Amino acid sequence: MGLKMNLPTIALFLLLAAASAAGANINIRKYGAQVNSDITPALTKAWKDACQTPGTNTVVIPKGTYRLGAVQFMGPCKGHIELQVRGILLAPGDRGYFKSGSWVNFQRIDGFTLSGGGTFDAKGKHVWGKRSCSGIRYCGDLPISLRFDFITNGLIKDITSLDSKQFHINLLGCKNVTFQNVNVIAPDHSPNTDGIHIGRSTGIKIIDTKIATGDDCISLGDGSENILIKGVTCGPGHGISVGSLGKYKNEAPVVGVNVVNCTFINTQNGVRIKTWPNSFAGTASDMRFENLLMKNVSTSMLIDQLYCPWNQCKAQIPSKVKISNISFKNIRGTASTKDVIKLLCSKSFPCQDVKVTDIDIRYSGRDGPATFQCVNIKPTTSGRLYPPPCSSH
């Protein structure tokens with residue numbers, strides 16, 4: 001027997017269906033969250049409810065200051081989910097509190113937005129001085145502030161990461177994720193506080209973002225593919241780095257990296273590609289560094305296949321990572337050392353198809369003119385070039 005509905009009933013049915021598809025806004029205060037209190041239980045429950053509700057659902061953290069413990073926001077969810085952080089979230093200061101290696105972790109979500117204009121304050125100043133994280137004493141037990149693991153079709157916008165204890169933001173196994181108008185803030189002496197680290201991810205965009213930190217502004221590990229970095233302001237920090245590559249067996253290729261229209265201010269490097277000597281085999285190819293402005297940068301352009309910090313490797317054995325199809329174009333500005341450009345490639349696998357076009361970087365120090373060094377590479381040069389191009393040796 002068929003189901004008969006009159007017009008008012010049909011209209012109500014369609015309205016309820018549309019409301020279900022649209023989802024809902026879920027304010028964590030409805031779960032008992034209060035300003036200046038620990039909101040971990042309330043936020044965790046709100047997330048679970050939103051994740052299991054069909055449609056597009058938004059979890060809202062209102063303005064105010066809150067304490068937040070280590071949390072994992074797990075998918076898959078039944079629809080698109082947004083976490084809207086409008087307030088300030090404070091991490092525990094004690095490093096011993098963290099067991100999982102991260103403070104806030106998003107996992108296995110398809111269709112995710114993080115927004116709201118709020119701040120994740122990791123209180124890194126509480127731990128930076130308690131043990132040296134430089135040299136061989138790598139502080140791997142310190143938590144990453146924001147981890148994104150296996151996120152697909154994501155948007156992270158209008159948030160601030162402040163004073164991370166270790167990396168600010170880490171991506172692993174992500175696909176089609178965009179960062180836009182994100183602020184990363186930590187002092188230049190903060191150890192191992194990479195702004196955004198990308199590993200084994202594809203289709204990642206970092207746009208109109210400001211990163212000031214104590215390590216790489218952006219670092220790309222193995223398996224980074226189809227990466228766009230555009231309109232980023234970097235500094236202080238170590239610049240934008242591909243690598244280091246070749247330390248581990250079976251690393252995935254790095255391919256398709258575009259760094260365009262970026263500004264570097266008082267950084268250790270501008271753009272660099274680094275691989276370990278005595279490395280495992282690997283490849284890094286199809287990269288474009290274009291329309292970049294350097295302001296008082298130590299080394300603006302660097303390929304370093306002799307990367308061996310703290311002398312913890314056999315530097316005399318050449319790297320087996322093959323670097324090819326690299327373009328440096330329209331890079332200008334000022335340098336803080338005379339080592340403006342260094343292209344130091346592997347003796348076993350010299351860099352191939354490297355183009356350098358329209359470079360003008362000035363240095364005014366007393367220790368001599370700016371230099372453009374080359375080792376095991378014969379770059380193709382064109383346009384205006386200052387400092388004058390190298391001859392490979």
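Buried here means under 20% relative accessible area, exposed means over 50%, and partly exposed lies in between, as computed with a 1.4 Å probe on protein chains only. The model is predicted, with local features requiring pLDDT of at least 70, side-chain atom pairs counting only at pLDDT 80 or more, and totals for chains, interfaces and linings using all residues. Residues are numbered from 1 along each chain as its sequence is written, and side-chain values use heavy atoms, with hydrogens and water left out.

**View 1. Strand β7 and its two parallel partners, β4 and β10**. Strands are DSSP runs of E with at least two residues, helices are runs of H or I with at least four residues, and both are numbered from the N terminus. Because six of the six residues of strand β7 (residues 102-107) are buried, this strand is largely enclosed by the rest of the structure. Two strands count as paired if DSSP finds at least two bridges between them; strand β4 (residues 71-74) is joined to β7 by four bridges and runs parallel to it, while β7 and strand β10 (residues 144-149) pair in the parallel sense over five bridges. F106 of β7 is the bridge partner of F73, and F106 also stands opposite F148 in β10.

**View 2. Strand β29 between its pairings with β27 and β31**. Strand β27 (residues 299-304) runs parallel to strand β29 (residues 339-344), with four bridges joining the two, and in this pairing M301 has I341 of β29 as its bridge partner. Five bridges join β29 to strand β31 (residues 371-375), again in the parallel sense, and L344 is placed opposite V375 in β31.

**View 3. The surroundings of H238, listed under "active site" in an unreviewed UniProt entry**. UniProt positions are given in the numbering used here, feature names are shortened, and annotations may be inferred rather than shown by experiment. H238 lies in the loop between β21 (233-234) and β22 (240-245). With contact taken as heavy atoms within 4.5 Å, and leaving aside neighbours within four places in sequence, H238 is in contact with G214, D215, D216, Q268, N269 and R272.

**View 4. G235 in its loop and I265 in strand β24**. G235 is found in the loop between β21 and β22 and, at 22% relative accessibility, counts as partly exposed. Apart from its neighbours within four places in sequence, G235 is in contact with I211, A212, C217, I265 and T267, whereas the C-alpha atoms of G235 and P277, 42 residues apart in sequence, are 28 Å apart in space. I265 belongs to strand β24 (residues 263-265) and is partly exposed at 30% relative accessibility. Beyond four places in sequence, the contacts of I265 are T233, C234, G235, P236 and K295; its C-alpha atom is separated by 6.4 Å from that of M294, 29 residues apart along the chain.

**View 5. N153 in strand β11 and D158 in the loop that follows this strand**. N153 is part of strand β11 (residues 152-157) and is partly exposed, with a relative accessible area of 39%. Leaving aside neighbours within four places in sequence, N153 is in contact with D110, G111, F112, K175 and N176, and the C-alpha atoms of N153 and T178, 25 residues apart in sequence, are 8.2 Å apart. D158 lies in the loop between β11 and β12 (160-162) and has a positive phi of about 55° although it is not a glycine; at 31% relative accessibility, D158 counts as partly exposed.

**View 6. Backbone geometry at R108, at the G75 to P76 bond and at the G243 to S244 bond**. Most residues other than glycine have a negative phi, and most peptide bonds are trans. R108, in the loop between β7 and β8 (110-115), has a positive phi near 55° and is partly exposed at 47% relative accessibility. The peptide bond from G75 to P76 is cis, with omega near 0°, and P76 lies in the loop between β4 and β5 (81-85). A cis peptide bond also joins G243 and S244, where omega is about 20°, and S244 is found in strand β22.
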